[in-house]
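Q: Got a minute to walk through a structure with me? I'd like to go over a helix and a strand.

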Amino acid sequence: MTDLLEVRNLHVAYGKVEAVHEVSLRVGSGRIVTVIGPNGAGKTTLLGAIMGLLPARGEIRYAGHATAATSVEQRVGRGLILVPERRELFAAMSVADNLELGAFQRVRSGDRSWRATLDEVYARFPRLRERRAQLAGTLSGGERQMLAMGRALMGKPRLLLLDEPSLGLAPLIVREIFSIIESLRASGVSILLVEQNARAALQVSDYGYVLETGELAVEGPSAELAANPRVAATYLGHATAPLSPGAGQGLSVPGRTPAGATRVRSTR
């Protein structure tokens, strides 16, 4: 499978404090990849660096091309789009105006198909159609998240970076948001999902990474991560016994990965 995004040995620092250290990850076309971990692990910083919002060392390749000399606006134009943790909506503008702003680059380039995309967004988020004249600042938390995702879809993303889409939402709305995320994959959008709700993230994703204090601790297919005793105990709330000999078949420590095995990093 072709990698739409490849990150190699990424370092991001705030002054002398390194928030992300030597992180490498991949997102294949048509896949959902999740990054889970505790508060302060560097998850949002990682997305900011991939988007070009933060300076970083290392290599980021998107759609086969290095992004080092690519501006944020150029990345958006090429289909790399971020839905930030705080949604960053224009509260004093209507739902419809917020959505149309998501298609700004397309409108400026003369692409008239943005209106068809708007119809698609309204079909995917019926509540946004109902509230299209309502000010964004008056929406509920779930509706704001839908609007943030809908605005991103107006840019016709190939890869959607989602930062904590379930943050602050009621369980029923969380289920709805994750159902929408699954439907986006079915429509051909690849997704890099940063999420504290590890259970929901691993259920919806194909592959997962655990980020702790700026470093990758564990990675592997999502189903295997969910079954990993340490991941289950720390992030899924399962009290499980340590791995017994042979219980970690398919998991290995870097540098000693047997042929065909899933790569899982040891924790420090």
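**Helix H8 and strand E9**

A: Sure, and a place to begin is Gly188, which follows H8 and has a positive phi, near 105°. Helices (H or I, at least four residues) and strands (E, at least two) are DSSP runs, numbered from the N terminus.

Q: Anything to know about the model?
A: The model is predicted, so local features need pLDDT of at least 70 and side-chain atom pairs count only at pLDDT 80 or more, while totals for chains, interfaces and linings use all residues. Residues are numbered from 1 along each chain as its sequence is written, and side-chain values use heavy atoms, with hydrogens and water left out.

Q: Which residues of H8 are buried?
A: Ile173, Val174, Ile177, Phe178, Ile180, Ile181 and Leu184. Buried means under 20% relative accessible area, exposed over 50%, partly exposed in between (1.4 Å probe, protein chains only).

Q: Why do they sit on the same side of H8?
A: They cover an arc of only 150° around the axis, which puts them on that one side; the arc is that of the directions from the helix axis to the C-beta atoms.

Q: And which exposed residues are on the face turned away?
A: Pro171, Leu172, Arg175 and Ala186.

Q: Switching to E9: how many of its residues are buried?
A: Six of the six, so strand E9 (residues 207-212) is largely enclosed by the rest of the structure.

Q: What does E9 pair with?
A: E3 (residues 32-36) in the parallel sense over four bridges, and E10 (residues 215-221) in the antiparallel sense over six bridges. Two strands pair if DSSP finds at least two bridges between them.
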